[in-house]
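Let's walk through this structure together, starting with the ligands and then moving on to a sheet. Have the sequence and the 3D view open as you read.

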Amino acid sequence: MLAQTATMKWTAVSVRVPTAPRMNDVTAQSATTRLREAKTVSRAIVKVNDLSWMTGGPQGSGVDSSANIFAGACVLGGLWTFGLREYYSSIKGPHSYFEVRVNGDKIRSHVNNVDVLATFDAETLIRHADEVTSGGGILYDPTFANIEIDRVDTIETPVVLRIKARLAKQGLPGTVTGILDEARKRGVNLFPIQYNDIIAKTAAQIGEHQLSKLSRIVNVLSVSASFAILGFDETYLNQSIERAFASKKKVVDMNEIGAKLAYDAAKTQLKQPFPFQLQPIQNQPRLLLMGVEAVALGKLVGGCRVQTYYPITPAADESEFLESHGNFDISAGNNLSQKGSILVTQTEDEIAAITMATGAALTGARAATSTSGPGFSLMVEGLGWAGMNEVPLVITHYQRGGPATGQPTRHEQGDLKFILSAAHGEFPRIVLCSGDMEESFYDAIRIFNYAERFQMPSIHLIDKGLANNSMTISPPKADLVPIQRGKLIQGDHQGNGNGEPYRRFAFTEDGVSPRAVLGMPGYRFWNTGDEHDEMGHIEEDPDNRVKMMTKRMTKLETSAKEIPEDEKFNFFRSSKKQADVTIVSWGSTKGPILDAMKLLERDGIGVEFLQIRLVSPFPTETVKQKLAGAKLVVGIEQNYSGQMAAVIAEKTMIDVKNKIVKFNGRPMSQDEIYQSVKQVISNPAQNRRVVLTHGA
Amino acid sequence: MALKLTDLKTEVHNDWCPGCGDFGIEASLKMALTEMPVDINKVALFSGIGCSSKLVHFTNAFGIHTLHGRVLGYAQGAKLANPDLEVIAVGGDGDGLGIGVGHFVHAGRRNIDMAYIIHDNGVYGLTKGQASPTLHLGMQTKSLPEPNINSSINPIMLALASGFTFIARSYAYNTRHLKEMIKKAVAHKGFALIDALQPCPTYNDINTKEWYGGEDRIDPATKRPMPRTYDLESTGYNGRITADMSEDEVDKNLLQVIEKSREWGDKIPIGVFYQNETVPIYEERISERSPIYLKEPPARQQLAKEDGKSVVNLANLSKGLLFESLVLAQ
Ligand SMILES: Cc1ncc(C[n+]2csc(CCOP(=O)(O)OP(=O)(O)O)c2C)c(N)n1
Ligand code: SF4
Ligand SMILES: [Mg+2]
């Protein structure tokens with residue numbers, strides 16, 4: 001199952017041996033060994049459809065759009081992509097970068113090395129040149145050659161000092177030239193691109209006298225030059241440009257004309273074939289999307305019709321997608337217009353967001369709110385109210401670096417224990433964690449089903465890595481997960497038939513009561529945050545308290561029984577029979593773990609991977625069973641303390657002794673997992689904690 | 001079948017203190033409901049937390065007793081998801097003007113078609129009499145260890161500044177007047193506020209029933225108390241903004257609201273301070289984006305076909321993200 005598929009073409013076998021994690025960079029080794037430990041890709045060997053490409057630049061300069069245009073062109077050429085997006089918490093100026101990995105087969109993660117670095121500013125060059133593989137290439141603006149590193153004021157001082165020291169050791173100047181010389185010495189191919197000339201020529205061709213109007217095309221020029229050295233036909237780029245600027249004819253024209261000039265300028269510099277090549281392949285139509293978009297699509301398919309939010313990174317992108325798709329086509333509706341619509345409301349704060357969504361849910365609409373750390377902290381009281389009143393409220397929570405404002409644009413899985421226990425008192429909740437785009441989509445439907453079937457607040461837990469990274473996937477199926485509304489009373493009933501008053505919180509065996517909604521004749525009910533009787537009126541009687549608490553908590557057992565096993569966890573095994581190591585993890589580490597498993601298997605290491613998806617109710621028996629007999633268990637997660645390991649210990653009494661953690665705000669790469677798992681296997685210890693640190 | 005007052009009774013024991021002004025507000029609301037052309041099955045009452053917020057349990061209509069300060073969040077969410085509901089929110093002055101004042105302000109910006117009654121008693125009743133945001137500076141009600149150190153919020157002026165399109169005041173023990181205000185507020189198209197002055201005999205020993213009634217001010221001529229509240233309408237006041245008014249006329253009217261809202265002490269105006277139906281309600285603004293909204297609001301959309309499969313056309317929805325691969329001839 002994890003073997004390479006036939007679509008992956010190798011003209012010569014060349015296994016990428018990833019670099020060591022960055023933490024080794026600080027150890028005192030000789031300059032040459034300390035530099036990239038990547039194996040040189042020999043000139044004779046050409047790697048087809050397997051590379052990583054990076055672009056970067058000041059935030060707001062079109063880094064995202066150029067990366068998307070690059071990825072779009074690859075996907076139009078039938079290839080698969082994974083995009084890692086890193087940005088600062090500011091709008092204009094500071095450095096952001098976007099790494100796009102391209103492959104002939106589906107990929108799910110990024111790697112440590114960059115094979116092609118496409119730059120159009122000095123900073124990207126300075127920061128990332130040392131990540132480029134020997135044999136790889138750098139595209140750059142030669143007019144930057146004399147820029148001194150310490151003059152680039154958006155680079156943090158420690159970074160400047162580190163780079164300058166590195167160059168000084170090799171006797172190189174602390175300038176862009178020094179950076180380029182260093183790269184050249186390592187066997188990196190350098191491709192100077194005279195962006196200004198190309199822009200001037202483009203301007204002349206379209207008859208535009210103001211050069212500044214064309215300055216924005218520079219990022220597309222670097223994309224085009226990249227495709228030239230990668231031997232990828234220009235047509236794909238042009239198509240991608242047309243998609244990106246669909247409605248703006250003039251913008252399309254200037255980009256395409258410039259792209260052609262840049263393509264030719266780079267191509268003429270090639271003395272021999274570049275060791276990395278892209279070749280189009282035939283493929284089915286696929287989606288290129290980010291996690292927030294996968295969630296949003298799932299929500300709409302899953303029937304979400306009210307979404308409230310207060311702007312926060314990275315959650316707000318989801319609401320914006322929903323708002324821009326607020327009216328959509330439906331195929332079998334009961335209305336003649338064949339249209340559906342979602343109401344997206346930006347509220348005054350997250351307290352209003354959760355309370356409005358809860359109010360909406362009381363009317364029978366599927367309603368959700370979407371937030372990140374600080375926002376969820378504000379929502380907590382409302383969460384408890386929804387728990388007390390058994391409201392099917394959905395919260396999509398995007399984890400980012402905490403605590404407090406933390407690292408607003410950076411990745412972390414630090415909220416698991418908070419989400420599991422947030423709000424005072426005890427009440428049941430569903431917590432479902434998605435690991436990739438497909439799961440984000442399907443889980444966004446399932447979470448509404450769980451919320452309505454078990455009548456409790458239900459949290460869909462995502463993380464920043466998943467939210468903002470992009471990936472090529474086959475289109476998900478709209479009808480794979482049917483809509484299930486549990487004990488919702490449907491239709492216009494006049495009373496509940498037996499002459500008895502309706503009891504919203506009627507005691508039942510499974511804890512779930514038939515649910516009426518506001519405005520339903522004959523089904524009057526009350527809600528209160530106080531303990532209440534079956535009608536929903538305040539009741540402090542101790543016997544009633546015991547019964548009501550038990551009723552509510554019983555629903556957690558009911559949900560544990562009714563939710564199918566394959567929605568609670570995934571279990572992956574490599575083809576080798578005996579597993580040398582059992583990885584346990586959750587969330588977006590799924591991608592790099594699955595990709596690393598391929599590499600580990602190539603090395604003859606048998607791997608099992610238990611991906612926990614449902615954390616509340618917790619699949620205790622499964623986890624026990626999978627971990628109890630394992631030869632070596634390694635917990636992998638992106639937080640400081642190993643929060644899932646703590647939950648596992650609490651639920652199963654199993655101590656996950658070997659942990660691989662990362663909390664520098666950058667997602668784990670395939671290479672980091674590959675290496676660190678090998679490290680643990682070679683020397684398993686009691687209470688070992690490997691801290692990963694790769695990422696700029 | 002006409003709705004009777006007894007239909008609105010519940011079995012729940014009413015635990016308000018004897019003589020509490022909340023009784024007057026409850027009675028006025030129930031009378032208003034029986035006199036209005038509303039379907040009681042569509043009425044949804046929402047409340048926050050406080051003595052006043054228990055009202056929903058004493059009333060036989062859908063009753064959602066929420067969190068302290070958050071009544072407007074829940075109420076607005078329900079109304080937006082199902083605009084056919086007749087949503088009425090109630091709560092204390094601490095609830096709406098203290099902890100929940102942010103929501104109060106923003107509700108004005110939205111102008112959703114619903115009504116909101118604040119039980120304005122100057123104290124935090126349920127937590128035993130601390131100062132509420134409407135208690136005036138320097139006042140020392142019964143359970144305050146020291147006189148109130150904060151200035152007070154003027155609910156009328158705050159509502160005006162926030163964009164409320166119906167602003168009225170009434171008095172809990174003038175049930176006839178309060179009932180009429182509630183009927184007007186519910187009939188008003190837009191967000192309607194009633195600041196209901198409410199004596200709390202247990203903790204507010206300053207703004208008492210006797211004080212409002214002017215029992216300390218005997219008219220030498222009639223030998224009868226001179227009530228402190230007076231009806232704005234009786235003075236010929238008209239706070240209505242209409243589409244045909246000039247900017248100047250509108251300005252004049254707004255100033256008049258501010259002027260009247262500042263009266264307090266011996267002359268406390270009650271009645272409609274301000275009404276403006278020229279501002280589009282939020283529901284209309286949504287309809288402009290989503291033409292099906294009022295006909296097919298979120299609460300009434302069909303989500304799935306008979307077999308449970310989603311009705312959404314995912315292919316059309318995800319068109320912008322779909323890439324056909326166009327392999328060129330090699
Ligand atoms: C978040 C939160 N903080 C504090 C309280 C405690 N509390 C309950 S009622 C109340 C004040 C009630 O005053 P008001 O809103 O004026 O209502 P009244 O009792 O006067 O009708 C407070 C502070 C609470 N329930 N929730
Ligand atoms: S404390 Fe005041 S407001 Fe509360 S019930 Fe008693 S009298 Fe009414
Ligand atoms: Mg009060």
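A backbone N or O atom of B:Asp95 sits 2.8 Å from an oxygen atom of ligand 1. Keep in mind as you look that this is a predicted model. B:Leu126 also approaches through its backbone, with an N or O atom 3.0 Å from an oxygen atom of ligand 1. With B:Asp93 it is the side chain that takes part: one of its polar atoms lies 2.6 Å from an oxygen atom of the ligand. On its own, ligand 1 has 580 Å² of accessible area, and the protein covers 77% of that.

Now step back to see the surroundings. Ligand 1 is found between chains A and B, with 17 residues around it. The closest are B:Cys51, B:Ser52, B:Asp93, B:Gly94 and B:Asp95. Which element gives the largest share of this shell? That is H3(B), with 4 residues. Helix H3 (93-99) and strand E5 (123-124) of chain B are the elements that supply two or more residues each. Sorted by class, the shell holds 6 nonpolar, 8 polar and 3 charged residues.

Ligand 2 has another set of neighbours. Around it you will find B:Trp16, B:Cys17, B:Cys20, B:Cys51, B:Asn121, B:Gln198, B:Cys200, B:Pro201, B:Thr202 and B:Tyr203. B:Cys51, listed here around ligand 2, is also among the closest residues to ligand 1. The shell of ligand 2 has 7 nonpolar and 3 polar residues, and no charged ones.

Let's turn to chain A and its open sheet. Six strands make up this sheet, in the order E20-E22-E21-E24-E25-E26, and their pairing is mixed. Why do E20 (569-573) and E26 (688-692) each have one side without a neighbour in the sheet? Both strands stand at the edges and have a single partner strand each, so one side of each is left free of a neighbour. From one strand to the next, the twist averages 20 degrees.

At the E26 edge, strand E25 (residues 658-662) of chain A pairs with E26(A) in the parallel sense, over 5 bridges. Within this pair, A:Lys659 stands opposite A:Arg689 of E26(A). Helix H18 (residues 590-602) of chain A packs on the sheet, where it touches E20, strand E21 (581-585), strand E22 (607-612) and strand E24 (633-637). The direction of H18 makes about 175 degrees with that of E22(A).

Note on methods: Residues numbered from 1 in each chain as written. Chains lettered and ligands numbered in written order. Predicted model: local features only at pLDDT ≥ 70, side-chain atom pairs only at ≥ 80, totals over all residues. Heavy atoms only, no water. Pairing = 2+ DSSP bridges. Axes fitted to C-alpha atoms, helices over the stretch in contact; angles between N-to-C directions. Contact = heavy atoms within 4.5 Å. Near = heavy atom within 4 Å. Polar contact = N/O pair within 3.5 Å; in protein donor to acceptor, adjacent residues only side chain to side chain. Areas by Shrake-Rupley, 256 points an atom, 1.4 Å probe, with all protein chains shown as cover. Nonpolar A, V, L, I, M, F, W, Y, C, P; charged D, E, K, R; others polar.
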